[in-house]
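Here's one to load into your viewer and rotate as you read. Let's go through it piece by piece.

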Amino acid sequence: MKNRNLDNHDNWATPNDLYDELDQEFNFDFDPCPLLSDFDGLEIDWGERNFINPPYSRKLKDAFVKKAIDESYKGKLCVMLLPVSTSTVLFHDFIQPNADEIRFIKGRVKFIGINSFGEKVTNKPGMHDSMIVVFKEKKWVKVASTDLSIKRSSIRNLIGYLRRKSQRKKQEK
């Protein structure tokens with residue numbers, strides 16, 4: 001049986017071939033959470049075309065997903081490499097309603113980093129399956145009334161609902 005009590009960390013880099021393939025398609029200009037960065041990607045403005053392989057610890061992963069959604073509503077492209085976890089609140093309430101694309105990667109991604117024993121690894125698959133989540137640039141509709149107070153999550157849920165409804169109509173045709 002595997003020892004799941006080993007010390008884990010969030011310092012894992014995206015394999016170059018996977019990044020290069022995505023970069024060729026999306027033409028990235030910024031990575032808000034590069035390996036061992038000297039800035040906090042949650043506290044700064046992002047580029048126009050972002051690649052995000054966030055730390056996979058729960059709080060940081062959730063925060064980066066929510067920031068990517070917010071950035072997409074500022075008109076920015078955000079492409080995320082995430083662990084597949086389709087039974088979570090994060091997936092159902094944030095990723096699925098807001099994502100323009102979700103691509104499941106066949107096989108496990110072989111991240112680059114230092115394992116729990118202090119050894120550099122490049123050929124060991126991660127503990128989870130992975131997916132690419134794309135949040136494309138979105139435009140906000142401006143509302144003239146200053147009395148209107150709607151929670152952002154309610155707007156996201158409405159957009160997700162309308163998108164799913166539109167997709168169902170297209171499938172019925």
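Start with the outward-looking side of helix 1: the face turned away from its buried side carries the exposed residues N16, D17, E21 and Q24. Keep in mind that this is a predicted model. The buried residues of helix 1, which spans residues 16-26, are L18, L22 and F26. These three cover an arc of only 50 degrees around the axis, which puts them on the same side of helix 1. What do the buried residues of helix 1 pack against? Their partners are strand 2, strand 3, strand 4 and strand 7. Just past the end of helix 1, N27 takes a positive phi of about 55 degrees.

Now for the strands themselves. They make an open sheet of 4 strands, in the order 2-3-7-4 and with mixed pairing. Strand 2 (49-52) and strand 4 (101-104) are at the edges and have a single partner strand each, so one side of each goes without a neighbour in the sheet. From one strand to the next, the twist averages 15 degrees.

Zoom in on strand 7, residues 130-135. Strand 3 (residues 77-83) runs antiparallel to strand 7, and 6 bridges join the two. Within that pairing, L82 sits opposite M131 of strand 7, and P83 has S130 as its bridge partner. Strand 4 also pairs with strand 7 in the antiparallel sense, over 4 bridges; here R103 stands opposite I132 of strand 7.

Are the residues of strand 7 buried or exposed? Strand 7 is mostly covered, with 6 of its 6 residues buried. As background, side chains in a regular strand alternate between the two faces of the sheet. In strand 7, S130, I132 and V134 point one way while M131, V133 and F135 point the other way, and all are buried. Helix 3 (residues 89-98) lies across strand 3, strand 4 and strand 7, and runs at about 60 degrees to strand 7.

Next, the aromatics. A pair of aromatic rings is described by the distance of the centres and the angle of the planes. The count here comes to 7 aromatic pairs. One of them joins Y19 and F28: the ring centres are 5.6 Å apart and the planes are at 35 degrees, so the pair is tilted. Y19 is partly exposed, at 26% relative accessible area, whereas F28 is buried at 10%. Ring pairs also link Y19, F26, F28 and F51 into a cluster. F26 is one of the buried residues of helix 1 we met earlier.

Another pair to look up is Y56 with F111, where the centres are 6.0 Å apart and the planes at 85 degrees, so this pair is edge-to-face. The pair links distant parts of the chain, 55 residues apart: Y56 is in the loop between strand 2 and helix 2 (58-72), and F111 is in the loop between strand 4 and strand 5 (112-114). Y56 counts as partly exposed at 24% relative accessibility, while F111 is buried at 8%.

Last stop, the cysteines. How many disulfides are there? The count comes to 0 disulfides. C33 is buried, with a relative accessible area of 14%, and C78 is buried too, at 0%.

Key. Residues are numbered from 1 along each chain as its sequence is written. This is a predicted model: local features need pLDDT of at least 70, side-chain atom pairs count only at pLDDT 80 or more; totals for chains, interfaces and linings use all residues. Side-chain values use heavy atoms; hydrogens and water are left out. Two strands pair if DSSP finds at least two bridges between them. Axes are lines fitted to C-alpha atoms, for helices over the stretch in contact, and angles run from 0 to 180 degrees between N-to-C directions. Contact means heavy atoms within 4.5 Å. A disulfide is a pair of cysteine sulfur atoms within 2.5 Å. Buried means under 20% relative accessible area, exposed over 50%, partly exposed in between (1.4 Å probe, protein chains only). The arc is that of the directions from the helix axis to the C-beta atoms. Rings of Phe, Tyr and Trp (its six-membered ring) pair if their centres lie within 6.5 Å; planes under 30 degrees apart count as stacked, over 60 as edge-to-face and the rest as tilted.
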